Amino acid sequence: MQLDTILLKVTSRCNIDCSYCYVYHQGDTSWQRMPKHMSLGTVEDVLKQLPTLYEDQQHPFAIVLHGGEPLLLPRNILEALLQGLADRLPATCSRAIQTNGTLIDDDLLELCLRTSTTLSVSLDGPANVNDTFRIAFNGEGTYARAAAGIDRIRQHPQASRIFTGALCVVDPHSNARRIYEFFKSLAVPSVDFLFKDGNYAKLPPGKTAIESTEYGRWLAVAWDCYINDPDPPRIRVLDDLGRLLLGGASVKEGCGQTMYGIAVIDTDGTVTKNDTLKSTYDGADRFEKAWSVSNDRLSEIAASPEFVQYSQLQHPTSPVCQACSLLSICGGGMPLSRWHPETGLANPSIYCADYKLVIGHIQETLQNYR
Amino acid sequence: MESVAIHQPTASTEQEQSSVDTPLIATLRDSAALRRLMEEVGYEDTSGSSAATAYDRAHNRHNRS
């Protein structure tokens, strides 16, 4: 199994408290047992293992720094990590930081520039939308601080080399057109719209029933805005769905049938499964074997039966999915959204009706204007 | 596949979703987003971009909220 993404959990804590966060508010408690941030020793182990992985598989992979909030990592350790990755890996192994945007300063931007590291900022829309869920520990909204972070990036003379875009978790109560226009106004180079995490035991906010289509309708409106825009940004999820319907391939897990090799390195160096599985039950992202970046070779972990079995979770096992004509497009969605406390992952996604609606809508566009 | 109409959201939603009633595009090629996607999947020969280079795979890839 080839790895294409290494997600580094460089911190286990966050400076804000988004109510939908799968790390802290969906039942997983592993963050409580983690060191607050990756130590210099663990960073050194990462810097030994990742070049070895590249040598072993001779294929590039993306590295994403994540948390918690990754910019809570002490700056000297962050610098050692980013400089080490830049020195020891080819440029084809991209380095990115996914941040809430509240801790961005000019020194960080220079560090990113020096080490060819990009920044993506999580923001759900204008203040009245963003601040419904993305709040600080005192209950106040975080929009102003995140927007200031984005402004700081955009004011940098080499912003285009640093800023890759925004990550927006959809609030289906919001107006999709206004959200689209909001991100256009920020001149972000790309946006990804994510559905909120949820499963059969716990529907996500804004989804009233398994059969309801609030999220699908929202995304269909965003699609209409997108295809009518003379100068559109990249929108990852719409690009993936559109490309799949045109006969191409997706680039991210959650749609299409490409199997991605995703390994997560936790704050203490433990190697875990896709971290979004945390939203199903406590410990769902843990392997039975306690692999660590300090002791184990990543290519050997990736070749192990347990890792291959975990990766195959991306393919849905429900007979409903396997008989569905849209499986090659939706891919069964994210595994976490198929989870039921009694039947595990052997179910269609809770977003199945939403996917059907938006895929049908996109296909209708492609047929009508061909 | 059945045709899908974009209905108004449930009464509990704060704001209405509405699709673009009159698309500005006449063909797929009129849409910048669709033209870009078609080029990427090899629908057309272009000298300027290809599927391998037109899209930076690092953009928002495997990111989480």
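**Close-up views of a predicted two-chain model**

**Figure 1. Lining of the second largest pocket.** Fifteen residues, written here as 15, line the second largest pocket, and A:Lys273, A:Tyr281, A:Ala284, A:Leu313 and A:Leu345 are the ones nearest its centre. The model is predicted. The volume of this second largest pocket is about 280 Å³. Its lining divides by class into 8 nonpolar, 3 polar and 4 charged residues. Rolling a probe the size of a water molecule over the atoms reveals where empty space remains.

**Figure 2. Chain A as a whole.** Chain A holds 14 helices and 9 strands. Its radius of gyration is 20 Å, close to the 21 Å that the globule rule gives for 370 residues, so chain A is as compact as a globular protein of that length. Along the principal axes, the C-alpha atoms of chain A fill a box of roughly 55 × 50 × 40 Å. Of the 370 residues in chain A, 64% are buried.

**Figure 3. Chain B.** Chain B has 65 residues, and 37% of them count as buried. Its secondary structure consists of 1 helix and 0 strands. The exposed area of chain B is about 3800 Å². Carbon and sulfur atoms supply 45% of that area.

**Figure 4. Cysteines of chain A without a disulfide partner.** A disulfide is a covalent bond between the sulfur atoms of two cysteines. The count over all chains is 0 disulfides. A:Cys168 is in no disulfide, and the nearest cysteine sulfur, in A:Cys18, is 12 Å away. A:Cys168 is buried because its relative accessible area of 1% falls under the 20% limit. For A:Cys330, the closest cysteine sulfur is that of A:Cys324, at 6.1 Å. That is too far for a bond, because a disulfide requires the two sulfur atoms to be within 2.5 Å. A:Cys330 is also buried, at 12% relative accessibility.

**Figure 5. The cis peptide bond at A:Gly67 and A:Gly68.** The peptide bond joining A:Gly67 and A:Gly68 is cis. Its omega is about 10 degrees. A:Gly68 sits in the loop of chain A between β2 (62–66) and α2 (75–88).

**Figure 6. Positive phi at A:Gln58.** A:Gln58 is a residue other than glycine, yet its phi is positive, near 50 degrees. The residue belongs to the loop between α1 (40–57) and β2 of chain A. A:Gln58 is exposed, because its relative accessible area of 55% is over 50%.

**Figure 7. Positive phi at A:Ala187.** A:Ala187, also not a glycine, has a positive phi near 55 degrees. The loop that carries A:Ala187 runs between α7 (176–185) and β6 (190–194) of chain A. With a relative accessible area of 52%, A:Ala187 is exposed.

**Figure 8. A:Glu110 and A:Gln158.** A:Glu110 is placed in helix α3 (residues 106–114) of chain A. A:Glu110 and A:Gln158 are 48 residues apart along the chain, and their C-alpha atoms are separated by 9.6 Å. The relative accessibility of A:Glu110 is 38%. A:Glu110 therefore counts as partly exposed, since that class lies between 20% and 50%.

**Figure 9. A:Ser294 and A:Lys48.** The loop between β9 (271–272) and α10 (298–303) of chain A contains A:Ser294. In sequence, A:Ser294 and A:Lys48 are 246 residues apart. In space, the two are 9.0 Å apart, C-alpha to C-alpha. A:Ser294 is partly exposed, with a relative accessible area of 36%.

**Figure 10. A:Gly247 and A:Ile329.** A:Gly247 lies in the loop between α9 (236–245) and β8 (262–265) of chain A. Its C-alpha atom is separated by 9.6 Å from that of A:Ile329. Along the chain, A:Gly247 and A:Ile329 are 82 residues apart. A:Gly247 is exposed, at 64% relative accessible area.

Conventions: Residues are numbered from 1 along each chain as its sequence is written. Chains are lettered from A and ligands numbered from 1 in the order in which they are written. This is a predicted model: local features need pLDDT of at least 70, side-chain atom pairs count only at pLDDT 80 or more; totals for chains, interfaces and linings use all residues. Side-chain values use heavy atoms; hydrogens and water are left out. On a 1 Å grid over the protein atoms alone, a cavity is a set of points where a 1.4 Å probe fits but cannot get out, and a pocket is an open set with protein on both sides within 12 Å along at least five of seven lines; lining residues have an atom within 4 Å of a point. Grid points are joined across faces, edges and corners, and a volume is the space filled by probe spheres set on the points. Ala, Val, Leu, Ile, Met, Phe, Trp, Tyr, Cys and Pro count as nonpolar, Asp, Glu, Lys and Arg as charged, and the others, Gly among them, as polar. Buried means under 20% relative accessible area, exposed over 50%, partly exposed in between (1.4 Å probe, protein chains only). Helices (H or I, at least four residues) and strands (E, at least two) are DSSP runs, numbered from the N terminus. Accessible areas come from the Shrake-Rupley method with a 1.4 Å probe; for residues, only the protein chains shown count as cover. The radius of gyration is taken over C-alpha atoms; the globule rule is 2.2 Å times the number of residues to the power 0.38.
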